[in-house]
Amino acid sequence: MQTFAVYVDNKPGVLNRVASLFRRRAFNIESLTVGHTETPGISRMTIVVDTDERGGRLVVANLYKLIPVRRVDNITDVPTIVRDLALIKVSATGDARTQVMQLVDVYRARIVDVSPESLVIEATGTEDKIDSLLEVLRPYGVGEMVRTGRVEMARGTTTPARRGARATVVGLDDAGAGSV
Amino acid sequence: MSSDKQTLTGAQALWDCLVREGVTVVFGYPGGAILPAYDAMLDFPIRHVLVRHEQGATHMADGYARATGKVGVAVATSGPGATNMVTGIATAMMDSSPIVCITGQVGSALIGSDAFQETDITGITLPITKHNLLVTRAADVAPAIREAFAIAANGRPGPVLVDITKDAQLGTCELDWDGAAPDLEALARPGHSMGDDPIELINAARRPLILAGHGIILGGAEAALQALAEKAQIPVAMTLLGIGGFPASHPLNLGMMGMHGEAWVNTAIQEADLLVALGMRFDDRVTGNIKTYALNAKKIHVDIDPCEFNKTVKVDSAVSGSVGDVLREWMPHVATGGRSTWIDHITELKGDSAVRDIQNLPDDGHLYAAHVINDLWRITEGKAVVVTDVGQHQMWEAQYYKHESPRSLITSGGLGTMGFALPAAIGAKVGRPDAEVWVVVGDGGFQMTMAELATLVQEELDVKIAVINNGYLGMVRQWQEFFYQRRYAATPISGPDFAKLAESFGLHGATVTTRAEVAGAVATARKCRGALIDFRVEQEDSVFPMVPAGADLDKMIRRPSPIVETAAD
Ligand SMILES: Cc1ncc(C[n+]2csc(CCOP(=O)(O)OP(=O)(O)O)c2C)c(N)n1
């Protein structure tokens with residue numbers, strides 16, 4: 001798995017261009033999230049691709065061919081904070097309801113809606129944590145579930161994506177031989 | 001041309017910008033959605049070449065670009081006009097040719113409604129353009145055109161399509177040329193290099209080869225390549241699109257590599273200890289079986305597009321940048337070569353190739369395509385701009401016409417688009433009116449776009465056409481002969497009397513059936529403005545050597561020795 005933070009112009013059709021690129025080059029997208037950034041007009045995608053390091057280089061190089069792409073960081077090997085957010089509807093009454101509420105506590109999740117037949121749980125954390133919560137909730141009957149998919153940010157100080165920033169491409173300058 | 005700020009319609013802004021971009025000629029075909037632009041065109045110093053099919057317009061723009069190095073421009077209406085451009089755009093994309101295609105689009109209020117002649121051409125061309133833009137307001141025309149030209153010509157060149165709605169053409173705007181300048185900083189892309197030091201690899205190599213591709217010509221790196229090859233004494237092998245990037249007569253030029261490359265070149269690649277790949281992309285047609293490709297060699301890859309690094313062949317050192325810049329930086333550090341053992345060895349490898357060469361076949365009354373092309377080369381003193389189509393004749397041209405200068409061979413390599421030659425030659429001739437332009441085309445491919453003969457005549461252009469007429473879709477027939485037990489499914493092809501056809505368009509036409517007639521016919525054609533020669537060549541001749549698709553590069557099918565062949569006749 002390789003993870004990329006991709007800064008793009010927030011223009012119509014950009015997601016289509018990115019998706020089309022992955023389809024054409026036969027790269028399999030594991031997850032893709034998009035959202036605004038602190039810079040107006042620039043959106044940020046977190047893309048997880050099922051490929052190895054060599055494939056990761058090709059993904060970066062190919063993304064840079066898209067004109068609306070401003071900057072691509074391969075953050076696979078960079079210390080990052082990873083979060084996934086899930087809303088999970090569990091049908092639980094009586095005893096089950098108490099047990100579910102205890103599990104929610106253990107996972108530091110929250111109950112955000114209560115109805116006579118069901119509870120809606122909001123959980124944030126790594127994908128593993130959400131997977132594991134789901135696992136323990138499943139026996140009670142998970143009625144409905146929605147997840148944002150992985151969002152990710154490098155730890156420490158990073159330069160914000162300026163318009164047209166000439167970025168160094170993390171993970172590409174292996175030896176820095178030759179000249180550019 | 002207008003002074004700095006001026007109120008114009010979107011259509012006027014379009015031509016104003018094109019003129020400022022240096023455009024003097026466009027290739028196009030009108031229709032409803034592009035009509036406002038056509039109307040405005042009359043007031044600008046633009047030559048319009050009316051094509052007979054929009055595919056022709058794109059190939060002409062492409063041929064113009066390849067012949068001149070400038071951006072070629074094609075214009076079409078919405079819907080069918082735009083979809084007819086698709087093949088030409090894909091052709092330009094595969095061969096990194098800078099063209100800008102301008103299409104009309106239905107009014108912006110109608111977009112998405114399946115209006116008459118509405119087609120989502122930006123959607124359709126997304127994967128076959130370097131970039132495309134939809135313009136729905138007059139004010140956006142100028143920035144879009146300026147951005148399109150910057151993108152088409154910079155970095156690795158390629159096609160850009162600008163789709164302009166009818167209301168954007170009709171609406172008015174303040175044209176602000178300077179304000180419309182593209183954000184070049186935003187278009188800049190990070191380069192990168194990786195792996196071993198290329199200089200060390202070169203200086204340590206005993207059996208190095210340079211593989212020279214289209215990037216040499218696109219990057220204007222011919223002199224830098226020659227300087228490097230001569231200083232380090234490294235022989236140079238050419239890709240099909242690299243031909244012309246290094247003089248054919250240069251002692252270090254080995255000739256073409258790959259599927260129909262010279263036998264000694266492919267063998268040398270397999271024996272080399274270093275490949276220096278310059279502006280080429282290890283296409284499967286040049287590598288053969290990738291698993292057995294150049295296993296003895298370290299590999300250096302220089303390309304302007306980092307996407308090419310490690311895409312098919314794993315390399316030890318990759319350097320991104322324009323080839324010329326990189327080579328100039330290398331030069332002072334590259335050791336002066338003494339590689340005569342290696343060079344002598346390659347000369348030895350040529351071995352019996354000369355004996356097998358079709359040039360040495362006696363004139364036995366048969367007309368071989370290779371003879372025709374070799375004679376054409378001799379008579380035109382190797383100075384013509386030759387535009388070929390796709391098939392056997394294309395490979396024979398590459399083998400037997402010796403190109404000394406860049407942009408003198410124009411051919412569809414990556415996409416292999418039949419029908420390319422005639423329209424691309426028209427574009428080349430428009431771009432370089434002083435050049436002697438020859439089309440070398442098969443009887444199959446010619447029939448795909450021969451309607452452009454009318455364009456040739458209407459524009460009073462002097463293009464010569466050599467139809468290599470073998471009565472077959474020859475290259476496919478050859479595959480059927482070699483790999484499908486001679487079962488000639490759908491490859492025999494008939495055609496009109498091409499000489500008469502040419503005459504009916506007002507061109508000089510001639511038919512040649514023996515080798516003895518070749519020189520005379522070519523000489524006569526050279527004196528006419530626009531001429532076609534129908535060369536009725538050997539029907540079942542094949543291109544040798546041939547590396548079957550997917551086979552090891554040095555496992556070539558060779559031409560049977562002439563003695564055997566004469567005996568079989
Ligand atoms: C548009 C298109 N359709 C089909 C092909 C497949 N194809 C490659 S070579 C060839 C035969 C070309 O025949 P001809 O033009 O007569 O030239 P020859 O090979 O005989 O020199 C064909 C059909 C192609 N390259 N392009």
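This is a short tour of the ligand site in chain B of a predicted model.

**Stop 1: the ligand.** Select the ligand and show the residues around it. You should find 17 of them, and the closest are Gln392(B), His393(B), Gly416(B), Gly445(B) and Gly474(B). If you colour this shell by residue class, it splits into nine polar residues, seven nonpolar ones and one charged one.

**Stop 2: the polar contacts.** Stay on the ligand and look at its oxygen atoms. Pick Met475(B) next: a polar atom of its backbone sits 2.9 Å from a ligand oxygen. Then move to Tyr472(B), where a backbone N or O atom is 3.1 Å from an oxygen of the ligand. For a side-chain contact, turn to Asp443(B), which places a polar side-chain atom 3.1 Å from a ligand oxygen. Now switch on a surface: the ligand taken alone exposes 580 Å², and the protein buries 76% of that.

**Stop 3: the helices around the ligand.** Which helices should you select here? Try α19, α21 (443-449) and α23 (474-483) of chain B, each of which supplies at least two residues of the shell. Of the contributors, α21(B) gives the most, with four residues.

**Stop 4: helix α19.** Finish by selecting residues 392-400 of chain B, which form α19. Is this helix mostly covered or mostly open? It is mostly covered, with nine of its nine residues buried. Click through α19(B) and you will meet buried residues such as Trp396(B), Met395(B) and Tyr400(B), along with Glu397(B) and Gln399(B), which are buried too. Gln392(B) and His393(B), also buried in this helix, bring you back to the ligand, as both are among the residues closest to it.

Key:
Residues numbered from 1 in each chain as written. Chains lettered and ligands numbered in written order. Predicted model: local features only at pLDDT ≥ 70, side-chain atom pairs only at ≥ 80, totals over all residues. Heavy atoms only, no water. Buried < 20%, exposed > 50% of the residue type's maximum accessible area, 1.4 Å probe, protein only. Near = heavy atom within 4 Å. Polar contact = N/O pair within 3.5 Å; in protein donor to acceptor, adjacent residues only side chain to side chain. Areas by Shrake-Rupley, 256 points an atom, 1.4 Å probe, with all protein chains shown as cover. Nonpolar A, V, L, I, M, F, W, Y, C, P; charged D, E, K, R; others polar.
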